[in-house]
Amino acid sequence: MADGPARARRRRPAAPPSAGPGTTSPAERSKLLATLPEEERAGWVAEFIAAHGLSEAFQLLGVCAVPWAGPLGRAVVDALDIARDAGSYPWSFSGVMGLAERCLDPSEAARLEILTATPDEPEDASPGAGGYWSEAFQRLVSTLRLRATMHAELG
């Protein structure tokens, strides 16, 4: 089957080859992923994020159906939580946060409420990062609640 090697590359997000057709850039991976059914695509991207974090996932997220499937949404939120725990600044992830505001299932707002608290900052964390993350997650939860209200009123 002609699609065999391409499908095999899409199925191994934990260990993508470093070079070759369909693996040299996120744009090429996105094109390959677009050929998969929505659920399989979301699962692959969720596994990719779990294995590699969010740094290379932004373009991959753009080919996923909205609202994001549960496992994909959880993978994105888990990766953001890991970045917060590492003491990174949230604006390093502002593109993903913006996508999350638009693409997470609005019903996830209640589950994400715990992330709005200001975390204890590790010694090696960027000063004030915890407060910034708290604000970023508050904005995310507020946006999801607004979207849920809009869906309820329109539906």
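## Packing of α6 against α8 and the nonpolar core

In this predicted model, helix α6 (residues 94-103) and helix α8 (residues 129-154) have axes that come within 8 Å and cross at roughly 25°. Because angles under 35 degrees count as roughly parallel, α6 and α8 are therefore roughly parallel to each other, and their crossing is right-handed. The residues that make this contact are set out by helix below.

| Helix | Residues in the α6 and α8 contact |
|---|---|
| α6 | Met97, Ala100, Glu101, Arg102, Cys103 |
| α8 | Trp133, Ala136, Phe137, Arg139, Leu140, Thr143, Leu144, Arg147 |

By character, the residues of the contact between α6 and α8 comprise eight nonpolar, one polar and four charged.

The largest nonpolar core holds 38 residues, and those touching the most other members are Val45, Ile49, Leu61, Trp68, Leu72 and Leu80. Two or more residues of this core come from each of α3 (38-52), α4 (58-61), α5 (70-85), α6, α7 (109-112) and α8. In soluble globular proteins, nonpolar side chains tend to be buried together. When residues up to four places away in sequence are left out of the count, Leu80 touches Leu54, Phe93, Val96, Met97, Trp133 and Phe137; among these, Met97 of α6 and Trp133 and Phe137 of α8 also take part in the contact between those two helices.

Helix α7 also contains Arg111, which has a relative accessible area of 40% and is therefore partly exposed. Along the chain Arg111 and Val141 lie 30 residues apart, while their C-alpha atoms are separated by 9.2 Å.

Methods: Residues are numbered from 1 along each chain as its sequence is written. This is a predicted model: local features need pLDDT of at least 70, side-chain atom pairs count only at pLDDT 80 or more; totals for chains, interfaces and linings use all residues. Side-chain values use heavy atoms; hydrogens and water are left out. Axes are lines fitted to C-alpha atoms, for helices over the stretch in contact, and angles run from 0 to 180 degrees between N-to-C directions. Helices (H or I, at least four residues) and strands (E, at least two) are DSSP runs, numbered from the N terminus. Angles under 35 degrees count as roughly parallel, over 145 as roughly antiparallel, 65 to 115 as roughly perpendicular and the rest as oblique. A crossing is left-handed if the near helix is turned anticlockwise from the far one by less than a right angle, and right-handed if clockwise. Contact means heavy atoms within 4.5 Å. Ala, Val, Leu, Ile, Met, Phe, Trp, Tyr, Cys and Pro count as nonpolar, Asp, Glu, Lys and Arg as charged, and the others, Gly among them, as polar. A nonpolar core is a set of buried Ala, Val, Leu, Ile, Met, Phe, Trp, Tyr and Cys residues joined through side-chain atoms within 4.5 Å. Buried means under 20% relative accessible area, exposed over 50%, partly exposed in between (1.4 Å probe, protein chains only).
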